[in-house]
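User: I would like to go through this chain by asking, for each descriptive word, what value stands behind it. Please set each value against its cut-off before you conclude.

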Amino acid sequence: PPLAINMLIYDLFPRRSLIRFLLEQGFNVYLVDWGSPTRRHAHYNLGTYARKLLPGFLQQVREHAGQQALTLYGWSMGGGIALVYAAISGDPDIRNIITVGTAIDGHANGLMGRQYAAMNQMIRRLGLSVRQLPSRWAYTPGWMNVIGFKLSDPVGSVRGYVDLLRNLDDREFVVQHATQGAFVDRLEAYPGGILRDWSYSVWFENEAGRGRISVGRDTAHLENITANVLCIAGTSDTLANVACCEKLLDLVSSEDKSLLVGPGGHTGIVSGSQAPEAIWAPMLDWLSQRSSS
């Protein structure tokens, strides 16, 4: 998963549980939980997660499963961490990589992308760089991420409350609204180091859109990735639109690479009401053809 997200997103509702869906299809599923970072973890950067934490987790998965070949499924920044790991480690046993709403060409992300490009030009004219930002200044607590997430789609947020008022007599609707609301209101903090690194590579400098991502003094070159790649994007995702996500397919060296576009915003493509049929089912077909029984 991406940081700031608690693990409920993958198992919110009985029939909208990605974990249950994959288990029922016979897949072994392992969930990486990044925990609940606090200010003392503000220095955690992209390298901390992609080069230190994730390799250890994958080793535990391999020992428990008795299998070397793995598929990595990453949502949003989680997809970015998976890509950086694959590009830097050269792990030959990453068979498939599925990215979901993972921003690559940040400047192609509509109005938001153009705003980041303009801000970056202003910062560079001042002789500064986002990479110079101290990690402790970039740290954002959970409550700030809740506000930011809701402000990313203010119309949708208001519409949700209006729909609630209109459906107060529908118990099932109220239960689902309360469950989704509880999830959004329980976001985790972002360590400043990784938020700074990701913002620099994807949103401000947009070096990811040119095929590279800075990881400390090293660089992850996306052309080093040869695993099968499925890029999933949402038609109404304002945080990472289709053009922003699909750039990945131009940058990896994979011979087998595909784009899946489905209905929904940044969260909807993971656990929305249309996800099981529009996203999970075709993803399952793709994955089944590229995984051992």
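The turns below take up the chain as a whole, then its helices, its strands and some single residues.

User: What kind of model is this, and how many helices and strands are there in the chain?

Analyst: This is a predicted model, and the chain holds 13 helices and 6 strands. Of its 293 residues, 48% are buried, and residues 24 or more positions apart account for 77% of the contacts with a separation of 6 or more.

User: Why is H2 called roughly perpendicular to H3?

Analyst: The axes of helix H2 (residues 46–65) and helix H3 (residues 77–89) cross at roughly 80 degrees and come within 9 Å. Angles of 65 to 115 degrees count as roughly perpendicular, and the crossing angle of roughly 80 degrees therefore makes H2 roughly perpendicular to H3.

User: Which residues make up the contact of H2 with H3, and how do they divide by class?

Analyst: From H2 the contact includes Leu46, Tyr49, Ala50, Arg51, Leu54, Pro55, Leu58 and Arg62, and these meet Ile81, Ala82, Val84, Tyr85 and Ile88 in H3. By class, 11 residues of this contact are nonpolar, 2 are charged and none is polar. H2 also lies across S1 and strand S2 (94–100), and runs at about 135 degrees to S1.

User: What makes H9 largely enclosed by the rest of the structure?

Analyst: A residue is buried under 20% relative accessible area, and 13 of the 13 residues of H9 are buried, so this helix is largely enclosed by the rest of the structure. One of them is aspartate 197, which lies in helix H9 (residues 192–204) and which, at 4% relative accessibility, counts as buried. Leaving aside neighbours within four places in sequence, aspartate 197 is in contact with Asn45, Leu46 and Arg131.

User: How do the end-to-end spans of H9 and H4 stand against what is expected?

Analyst: H9 has 13 residues, but its end C-alpha atoms are only 16 Å apart, which is short of the 18 Å that a straight helix would reach at 1.5 Å a residue. Helix H4 (residues 110–125), with 16 residues, reaches 23 Å from its first C-alpha to its last, close to the 22 Å expected at 1.5 Å a residue. After H9 comes asparagine 206, with a positive phi near 55 degrees, and after H4 comes glycine 127, with a positive phi near 75 degrees.

User: What makes S1 and S6 the edge strands of their sheet?

Analyst: The sheet is open, with 4 strands in the order S1-S2-S5-S6 and parallel pairing. Strand S1 (70–75) and strand S6 (257–262) each pair on one side only, and they are the edge strands. Neighbouring strands of this sheet are turned by 15 degrees against each other on average, direction ignored.

User: How do you know that S5 and S6 are paired, and how do S3 and S4 run?

Analyst: Pairing requires at least two bridges, and strand S5 (residues 228–234) has 6 bridges to S6 in the parallel sense, among them the one between leucine 230 and serine 258 in S6. Strand S3 (residues 212–215) and strand S4 (residues 218–221) run antiparallel and are joined by 4 bridges, and serine 214 stands opposite threonine 219 in S4. The hairpin of S3 and S4 has 2 residues between the strands, and glycine 216 in this hairpin takes a positive phi near 65 degrees.

User: Why is arginine 290 called buried?

Analyst: The cut-off for buried is under 20% relative accessible area, and arginine 290, with 18%, is therefore buried. Arginine 290 is placed in the segment after helix H13 (275–288), and it touches Arg95, Asn96, Asn228 and Asp256, not counting residues up to four places away in sequence. Its C-alpha atom is separated by 8.0 Å from that of asparagine 228, although the two residues are 62 apart along the chain.

User: Why does serine 271 count as buried, and which residues of H13 are buried?

Analyst: Against the cut-off of under 20%, the relative accessible area of serine 271 is 3%, and this residue is therefore buried. Serine 271 is found in helix H12 (residues 268–271), and its contacts, leaving aside neighbours within four places in sequence, are Ile9, Leu12, Arg16 and Trp280. In H13, Ala275, Ile279, Trp280, Met283, Leu284, Trp286 and Leu287 are buried, and the buried residues of H13 pack against helix H1 (18–24), S1, S2, S5, S6 and H12.

Note on methods: Residues numbered from 1 in each chain as written. Predicted model: local features only at pLDDT ≥ 70, side-chain atom pairs only at ≥ 80, totals over all residues. Heavy atoms only, no water. Axes fitted to C-alpha atoms, helices over the stretch in contact; angles between N-to-C directions. Parallel < 35°, antiparallel > 145°, perpendicular 65-115°, else oblique. Contact = heavy atoms within 4.5 Å. Nonpolar A, V, L, I, M, F, W, Y, C, P; charged D, E, K, R; others polar. Buried < 20%, exposed > 50% of the residue type's maximum accessible area, 1.4 Å probe, protein only. Expected span 1.5 Å × (residues − 1).
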